[in-house]
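This report describes the fold, the aromatic pairs, the nonpolar cores and the charged contacts of one protein. The sequence and the structure are shown below, and the text that follows is meant to be read alongside them.

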Amino acid sequence: MSTGELLNVDPVELKFPFELKKQISCSLQLSNKTDDYVAFKVKTTNPKKYCVRPNTGIVLPKSTCEVIVTMQAQKDVPADMQCKDKFLLQTVKAPDGATPKDITAEMFNREAGNVVEECKLRVVYVFSPQDTAAHDGSEVGSSMRGSVSDNGQANATEFVMVARTFTEEVQDKSPEAKALITKLTEEKNKAIQQNDNLRKELELLKRETSKGGGGLSFMLVLLIGLVGLITGYIIKRS
């Protein structure tokens, strides 16, 4: 709030919740604390961008006047959400009973001997409610991601500890494990060798049977069965 001899001005920062392609308005309260009629005039450094209603007027004694400042819809987001636009509020005592129609530019001319008070107002862009919610959500998401990251590191640490313990246990029992693996490998190699020998005998019997023109002998059927059993045994042991 700005306190002058004639008017109290609130606020001194015009805060606009910035949104693209949308008109945005804010309110300015002018409170007359005197027993005089006070005339006011609002100027801006960027008149094409803002609409001020009313831009001139009379504030009656001990009363308040509301001024609405509307920013036209913007197509681009300003860099760093900064605004250099400014407003200037000029106030001067007016004759008793004065109305807005009685206001002239000459009333605010200091060179004419008039006592003119001035109050400078700056423009501030703030996040809209939607942007604020999105921003809060982003912070929550970052917090959650940080929590997940922490949990992930904790889980990775636990995994390394478990893996290390398992490795130590295997190393402690390595002689027994190696003996068992060696035994199984030997049995598997023997079975494979037997299977190869049976296959060779089976091929030999097939060729002899083909030459003799006879059917399959009992020995051939038996060998086929043995090959199947040995193959199944190898697969099972593997």
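## Aromatic pairs

A search of the whole structure, which is a predicted model, finds three aromatic pairs. In one of them, the ring centres of F16 and Y50 lie 5.9 Å apart with the planes at 45°, so the pair is tilted. Because F16 belongs to strand β3 (residues 13–18) and Y50 to strand β6, this pair ties together parts that are 34 residues apart in sequence. Both F16 and Y50 are buried.

Another pair is made by F18 and Y125, whose ring centres are 5.1 Å apart and whose planes stand at 55°, so this pair is tilted. F18 lies in strand β3 and Y125 in strand β10 (residues 117–127), so the pair ties together parts that are 107 residues apart in sequence. F18 and Y125 are likewise buried. Beyond the individual pairs, F16 and Y50 join F87 in one aromatic cluster.

## The nonpolar cores

Which residues of the largest nonpolar core touch the most other members? Of its 27 residues, they are F16, L30, F40, Y50, V69, F87 and Y125, a list that takes in each member of the aromatic cluster of F16, Y50 and F87. Strands β2 (7–10), β3, β4 (24–32), β5, β6, β8 (64–71), β9 (86–94) and β10 each supply at least two residues of this core. A second core, separate from the largest one, has eight residues, among them I58, V92, A98 and M107.

Y125 deserves a closer look. Leaving aside its neighbours within four places in sequence, Y125 is in contact with F16, F18, K49, Y50, M71, P78, M81, Q82, C83 and D85. This list holds F18, the partner of Y125 in the tilted pair, as well as F16 and Y50, which form a pair of their own.

## A buried lysine

Is K49 buried or exposed? K49 lies in the loop between β5 (37–44) and β6 (50–53), and it counts as buried because its relative accessibility is 13%, where the cut-off for buried is under 20%. The side chain of K49 is joined to that of D85 by a polar contact of 3.0 Å. When neighbours within four places in sequence are left aside, the residues in contact with K49 are T70, M71, Q72, Q74, C83, D85 and Y125. D85 is thus found among the contacts of K49 and also among those of Y125.

## Salt bridges

Side chains of opposite charge can pair when their charged atoms come close. In this protein, a search of the whole structure finds five salt bridges, including the ones set out here.

| Salt bridge | Closest N to O distance |
|---|---|
| E13 and R122 | 2.6 Å |
| E19 and K22 | 3.7 Å |
| E118 and R110 | 3.7 Å |

The salt bridge between E13 and R122 links distant parts of the chain, with E13 in strand β3 and R122 in strand β10, 109 residues apart. E13 counts as partly exposed at 27% relative accessibility, and R122 counts as partly exposed at 42%.

In the bridge between E19 and K22, E19 is partly exposed at 23% relative accessibility, while K22 is partly exposed with a relative accessible area of 43%. For the bridge between E118 and R110, the relative accessibility of E118 is 40%, so E118 counts as partly exposed, and R110, with a relative accessible area of 46%, is partly exposed.

## The protein as a whole

The details above sit within a protein of three helices and 10 strands, whose order along the sequence is β-β-β-β-β-β-β-β-β-β-α-α-α. Of its 238 residues, 26% count as buried. Among the contacts with a separation of 6 or more, 70% are made by residues 24 or more positions apart. The exposed area of the protein is about 16400 Å², and carbon and sulfur atoms supply 56% of it.

Conventions:
Residues numbered from 1 in each chain as written. Predicted model: local features only at pLDDT ≥ 70, side-chain atom pairs only at ≥ 80, totals over all residues. Heavy atoms only, no water. Helix = DSSP H or I, 4+ residues; strand = E, 2+ residues; numbered from the N terminus. Buried < 20%, exposed > 50% of the residue type's maximum accessible area, 1.4 Å probe, protein only. Contact = heavy atoms within 4.5 Å. Areas by Shrake-Rupley, 256 points an atom, 1.4 Å probe, with all protein chains shown as cover. Polar contact = N/O pair within 3.5 Å; in protein donor to acceptor, adjacent residues only side chain to side chain. Phe/Tyr/Trp six-rings, centres within 6.5 Å; stacked < 30°, edge-to-face > 60°. Core = buried A, V, L, I, M, F, W, Y, C linked by side-chain atoms within 4.5 Å. Salt bridge = Lys/Arg side-chain N within 4 Å of Asp/Glu carboxyl O.
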